[in-house]
Amino acid sequence: MMAVIKDITHANWIDKQSILTLHDGEKLGYMEAGNTEGEPLILLHGFGNSGRNWKSTFEYLEDDYHIFAVDEIGSGQSSCPDAYAFTITRQAQNVLELMDALGIESAYLAGHSIGSYICQAVGFMAPKRVKKLALVSTFARMQEKPSDIAKSAAMYASIEENRPNENWYSERADYPDQEGFRYQLEDLQNLPSGYFAPTWWGMTMTDHRNFLQFIEAPVMVVRGGNDTGLP
């Protein structure tokens, strides 16, 4: 049952989520909220986050959109399957399967970081099902050189071993939802073993440069001038 935005809190976030069983038996968690008469809007979070990451934006969207904030595979209430890589193609297929299950013919999609990567894949895999795309801190491929891959692989291995704390985030003092920041940090620290490497490999194995031409929907790209993660 769809949650009413004013009743959604960080404390009860999980209780108000819905779970879809995918065709392969894996679970996909999502939060449904907003205006049921509005256009469907699917929100996809960044690396290490969950659908909770979008909570503070719900109030700006609730009047106009029927919102679905998805927990990507491996995070939140979704399954963390025993796989070498959580590929971007698979993640995009999960989004399309969710749309099928909910009877959504086409939708607006917005994604941050890896979520934007998944949005791109949905956009060129099923162009008629995407109305518009908003891509935040996006990229068409992650690394330029083999040495960059090795360097970032070591970084993510370190993250898996030493879960990030609040000092890991340079923006922590300016985060508009401080309670949400605490919960998101807790979610990150509680990610299942094996999340980081398969998710990282899924991103690193993917190069969308030759496929972006097949996206038919209008696209808005949002980037920060000081993005050190994806310059």
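Two residues are in contact when they have heavy atoms within 4.5 Å of each other. Keep that rule in mind for the views below. This is a predicted model, in which local features need pLDDT of at least 70 and side-chain atom pairs count only at pLDDT 80 or more, while totals for chains, interfaces and linings use all residues. Residues are numbered from 1 along each chain as its sequence is written, and side-chain values use heavy atoms, leaving out hydrogens and water.

**Figure 1. The whole protein chain, with its six helices and seven strands.**
Helices (H or I, at least four residues) and strands (E, at least two) are DSSP runs, numbered from the N terminus. Read from the N terminus on, the order is β-β-β-α-β-α-β-α-β-α-α-α-β. How does the radius of gyration agree with that of a compact globule? The protein chain has 17 Å, in agreement because a compact globule of 231 residues would have a value near 17 Å. This radius is taken over C-alpha atoms, and the globule rule is 2.2 Å times the number of residues to the power 0.38. Along the principal axes, the C-alpha atoms fill a box of roughly 50 × 40 × 40 Å. Among contacts between residues at least 6 apart in sequence, 75% join residues at least 24 apart.

**Figure 2. Strand β4 and the buried residue Ile67.**
Ile67 sits in strand β4, which covers residues 65-70. Is Ile67 buried or exposed? Its relative accessible area is 0%, so Ile67 is buried. Buried means under 20% relative accessible area, exposed means over 50%, and partly exposed lies in between (1.4 Å probe, protein chains only). Leaving aside neighbours within four places in sequence, Ile67 is in contact with Ile5, Met31, Glu32, Ala33, Gly34, Leu41, Leu43, Phe58, Leu61 and Glu62. For a sense of scale, 29 Å separates the C-alpha atoms of Ile67 and Asn226, which are 159 residues apart along the chain.

**Figure 3. The largest nonpolar core, with 43 residues.**
In soluble globular proteins, nonpolar side chains tend to be buried together. A nonpolar core here is a set of buried Ala, Val, Leu, Ile, Met, Phe, Trp, Tyr and Cys residues joined through side-chain atoms within 4.5 Å. Which residues of the largest core touch the most other members? They are Ile42, Leu109, Ile118, Val122 and Met203. Helix α3 (residues 114-125) gives the most to this core, with seven residues. Apart from this core lies another, of 15 residues, including Leu43, Phe58, Ile67 and Ala134. Back in the largest core, Val122 is in contact with Ala92, Val95, Leu96, Leu109, Pro127 and Val130, leaving aside neighbours within four places in sequence.

**Figure 4. Arg52, a buried residue in a loop.**
Look for Arg52 between β3 (39-44) and α1 (55-61). With 3% relative accessibility, Arg52 counts as buried. Which residues does Arg52 contact, leaving aside its neighbours within four places in sequence? They are His10, Trp13, Ile14, Tyr183, Gln184 and Asp187.

**Figure 5. Two serines with a positive phi, Ser113 and Ser137.**
Most residues other than glycine have a negative phi. Ser113, however, has a positive phi of about 55°, and Ser137 has a positive phi near 50°. Ser113 is found in the loop between β5 (107-112) and α3, whereas Ser137 belongs to the loop between β6 (130-136) and α4 (146-161). Ser113 is buried, with a relative accessible area of 13%. Ser137 is buried too, with 15%.

**Figure 6. Around helix α5: Leu191 and Glu186.**
Leu191 lies in the loop between α5 (178-189) and α6 (196-204). With a relative accessible area of 7%, Leu191 is buried. Not counting residues up to four places away in sequence, Leu191 touches Gly48, Gly74, Ser75, Arg163 and Phe196. Glu62 is 129 residues from Leu191 along the chain, and their C-alpha atoms are separated by 29 Å. Glu186 has its place in helix α5 itself. Glu186 counts as partly exposed, at 43% relative accessibility. From C-alpha to C-alpha, Glu186 and Gln77 are 14 Å apart in space, and they are 109 residues apart in sequence.
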